[in-house]
Amino acid sequence: MGTVLAVANQKGGVAKTTSVASIGAALAELGQKVLLVDLDPQESLTFSLGIDPEDLELSIHHVLTKGLDAREVILATEDGVDLLPATIELARAEAELLTRTGREHVLKSVLDQLEDDDVHYDWVLLDCPPSLGVLTVAALTAADGVLIPLQCETLSHRGVAQLLDTVHDVRRFTNRGLEVWGVLPTLYDGRSSHARAVLASIPEAFDLEVLSPPIPKTIRFAEAPSKGRSILGTARTTKGAEAYREVARHLVARAAQPEPGKPTKRAGR
Ligand SMILES: Nc1ncnc2c1ncn2[C@@H]1O[C@H](COP(=O)(O)OP(=O)(O)OP(=O)(O)O)[C@@H](O)[C@H]1O
Ligand SMILES: [Mg+2]
């Protein structure tokens, strides 16, 4: 598989789902083959890409808990990305997986199986639920990197520290190669001095890379999901869409860079 990125923050409403949909669409515009994975029983990603979860007979729940082939569930979307959709049933998966041996690896093995079946994606973006439960840990275990959207309205530092603790545990126990790709500032209002102060404080507070540019807060994002497209489709030339395109270009550049001292990315996998 190409690069697998988990978009995670257990704080709700920080634009995880919006970022997955928008970065996914931006990567597709760049000619990349992209799979988005909805790991949230709230099913917002699935809905926002124009699919009504109520119309779905099969979803990621069946893949994670019943061993169904992911190829039978993956859908193409109007945004040019593929989607492994979720329904409310995923809420049960969390409980079902809790008693399973190897539950942390359940998503990793799904992605490995796709690769074995010659289904290749350049990018797989994982939309995590707002919790640090089984599904988020499974996402971090399957991922090469984690991207942390952080709302610039509030100093939500404690939440990020908890997430970083979880990343640390995942590195120790289930995925040594997991790297934090950085914080993505979201819902950014550049006119607010508080927002500017929050943005400026991030590198020092967490010792993490801050991806640029910050994603501006704009009403256009609220409109996009009801149209079943990401903002890149509904408001092509707005600052928000452009910001996500620039972030996507940075991600592509980073994925192309071999890490010093590391084998070339995913070679041999
Ligand atoms: N840049 C933005 N400007 C304005 N509104 C935004 C922006 N990004 C996201 N939103 C809106 O903020 C809300 C929360 O966004 P989103 O659902 O992406 O967050 P989330 O982190 O996935 O939430 P949850 O934790 O519930 O999964 C949505 O209504 C979305 O449309
Ligand atoms: Mg979400």
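In which sense do strand β1 and β6 pair, and over how many bridges? In this predicted model, β1 (residues 3-7) and β6 run in the parallel sense, joined over 3 bridges. One contact point can be named: Val7 has Leu147 of β6 as its bridge partner.

Strand β6 also pairs with strand β7 (residues 179-186). This pairing is again in the parallel sense and spans 7 bridges. Here Leu147 stands opposite Gly182 of β7. Leu147 is thus placed against Val7 and against Gly182.

Strand β6 covers residues 145-151, and 7 of its 7 residues are buried. In a regular strand, side chains alternate between the two faces of the sheet. Both faces of β6 are covered. One side carries Gly145, Leu147, Pro149 and Gln151, all buried. The other carries Val146, Ile148 and Leu150, likewise buried.

The protein as a whole comprises 11 helices and 7 strands. Its radius of gyration is 17 Å, which agrees with the value near 18 Å for a compact globule of 269 residues. The C-alpha atoms fill a box of roughly 50 × 40 × 35 Å along the principal axes. Of the 269 residues, 53% count as buried. Among contacts between residues at least 6 apart in sequence, 80% join residues at least 24 apart.

The accessible surface comes to about 11900 Å². Carbon and sulfur atoms account for 50% of this area. The protein holds 28 positive and 37 negative charges, whose mean positions are 5 Å apart.

Note on methods:
Residues numbered from 1 in each chain as written. Chains lettered and ligands numbered in written order. Predicted model: local features only at pLDDT ≥ 70, side-chain atom pairs only at ≥ 80, totals over all residues. Heavy atoms only, no water. Helix = DSSP H or I, 4+ residues; strand = E, 2+ residues; numbered from the N terminus. Rg over C-alpha atoms; globule rule 2.2 N^0.38 Å. Buried < 20%, exposed > 50% of the residue type's maximum accessible area, 1.4 Å probe, protein only. Contact = heavy atoms within 4.5 Å. Areas by Shrake-Rupley, 256 points an atom, 1.4 Å probe, with all protein chains shown as cover. Lys, Arg positive; Asp, Glu negative; His and termini not counted. Charge placed at Lys NZ, Arg CZ, Asp CG, Glu CD. Pairing = 2+ DSSP bridges.
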